[in-house]
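Trainee: Got a few minutes to go through this one with me? I'd like to work from the core outwards.

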Amino acid sequence: MKKIFLSLSLIVSLFAYDKLLDQKEVLSIIKKTPIYGQLKKRLNKDVQVKGTIKDNFYIITLYNKEGEQNIYITKDLKYTILGMVVNNKTLKPLMPNYKPDKFSGNKDVVKNGIVFSFGKGKDDIYVVTDPECPFCRQFEKMAKKSKMGEKYRIHVIFLPLSFHKHAMDMIYYILSAETQEERVKRFNATLSGDNSWKNFKPTKEQKVKIDKEIEKSKKAAYELGAKGTPSFYDKNFNEIENRGKLLK
C-alpha cells in the first residue's frame, strides 16, 4: 500500500512545474561556483541556463542542442555538486521540473516514430513511454479507470530507458505482433504485469525490423524534448502541462 501511495505521489508531482529563477539571479549564482571560469565565454551563446530552487538547493540547468546538465548549489552558496543529488529516503534523484517550451520541431519526425495508436476520442495525444517504467505502469492503471481511451486518440512512442534492462525484451514482444490491435493488447497486458514477454525470442529478421522502428521512435521522443517517461503531448505536439486533466 505504501509503495502504491508513493508511486501516485510521484506521478502527481509531475503535474506541477517548478518556478523559474530570474536570469540575473541564475547568472549571479553561477558566478559563485568553480565552473564559472570555464563557462563565462559560452553563456547565452552556445550554452543557455535556467534554474529553480528545490529542497534547499539551487538547481541550475545548462543546455544546448546537444543536451543538458544539472549542477546543484547549496542555498548558502558554500558548495557546488557536479554529480547527482539523491534523496536518502525515496532513493530518487533531485530533478527540476520545468514548464516546457512550445514545440518548434519537425512534426513528421514525431509522426514517423509512432509505434501504434489506439483510442476512440477525437483529440490526439502523444505518449512517450517505456513498458518497464513503474510510473508508466501506474499511470496505465489510472488511465484505464478513467477510460482515457474513450476520450482521446492515443499515439504511442517508445523510449526505452537504459537502466531498464528488460525494456527492449518487452518491446520486441509487443512490436512483433502482426496487427495494431495485437500490439495494443500486448502493450496493455505487459504494463498490467503479464510476463509473456519472458518466453518470447524474436527472430533475427524481427529484431532488425523492430530495431529500426525503435530508432525512429527514439528520434520522435527527442524531437518532442522528452526527458523521461511517461511524457504526454497534445495535438500540436506541446507537452501537456496539466496531466491530471487527462484522467478526468
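Trainee: Which residues have the most contacts inside the largest nonpolar core?

Mentor: Keep in mind that this is a predicted model. The largest nonpolar core has 29 residues. Those with the most contacts inside it are F116, I125, M148, I154, F158, L175 and L246.

Trainee: And which element gives the most to this core?

Mentor: Start with the elements that give two or more residues: β5, β6, α5 (134-145), β7, α6, α7 and α8. From there the top contributor, with six residues, is α6.

Trainee: What does L246 touch, leaving out residues up to four places away in sequence?

Mentor: L246 is one of the residues with the most contacts inside the largest core. Its partners, once those sequence neighbours are set aside, are I125, F139, S146, M148, K151, Y152, F232 and I240.

Trainee: At what angle do α6 and α7 pack?

Mentor: Helix α6 covers residues 167-175 and helix α7 covers 180-191. The contact brings M170, Y173, I174 and L175 of α6 up against R183, R186, F187 and T190 of α7. By class, that makes five nonpolar, one polar and two charged residues. The axes are 8 Å apart, and the packing angle is about 145°.

Trainee: What is the strand order in the sheet that has mixed pairing?

Mentor: That one is an open sheet of four strands. Its edges are β5 (116-118) and β8 (231-233), each pairing on one side only. The twist from one strand to the next averages 25°. The order reads β5-β7-β6-β8.

Trainee: Which residue in β8 is the bridge partner of Y126?

Mentor: Look at strand β6, residues 123-129, beside β8. The two pair in the antiparallel sense over three bridges. Within β8, the partner of Y126 is Y233.

Trainee: Which helix lies across β6, β7 and β8?

Mentor: Look for a helix spanning residues 204-224. Against β7 (152-158), it runs at about 110°. That's α8.

Trainee: Why is there no bond between the sulfurs of C133 and C136?

Mentor: Both cysteines are buried, C133 with a relative accessible area of 2% and C136 at 4%. A disulfide needs the sulfur atoms within 2.5 Å. C136 is the closest cysteine to C133, but the pair is too far apart for a bond because the sulfur-sulfur distance is 3.0 Å.

Trainee: How many disulfides does that rule give?

Mentor: C136 is in no disulfide, its nearest cysteine sulfur being that of C133. Apply the 2.5 Å cut-off, and the count comes to zero.

Trainee: How many residues are in the second core?

Mentor: This core is separate from the one we began with. V26, Y58, I60 and L62 are among its members. The core's size is 14 residues.

Trainee: Which residue in β2 is the bridge partner of G51?

Mentor: There's another open sheet, with antiparallel pairing and the order β1-β2-β3-β4. β1 (48-54) and β4 (80-81) are its edge strands. Strand β2, residues 57-64, pairs with β1 over seven bridges. In β2, the partner of G51 is I60.

Trainee: Last one: at what angle does α2 run to β1?

Mentor: Helix α2 takes in residues 23-30. This helix lies across β1, β2 and β3 (67-74). Relative to β1, α2 runs at about 90°.

Notes
Residues numbered from 1 in each chain as written. Predicted model: local features only at pLDDT ≥ 70, side-chain atom pairs only at ≥ 80, totals over all residues. Heavy atoms only, no water. Axes fitted to C-alpha atoms, helices over the stretch in contact; angles between N-to-C directions. Contact = heavy atoms within 4.5 Å. Nonpolar A, V, L, I, M, F, W, Y, C, P; charged D, E, K, R; others polar. Pairing = 2+ DSSP bridges. Buried < 20%, exposed > 50% of the residue type's maximum accessible area, 1.4 Å probe, protein only. Core = buried A, V, L, I, M, F, W, Y, C linked by side-chain atoms within 4.5 Å.
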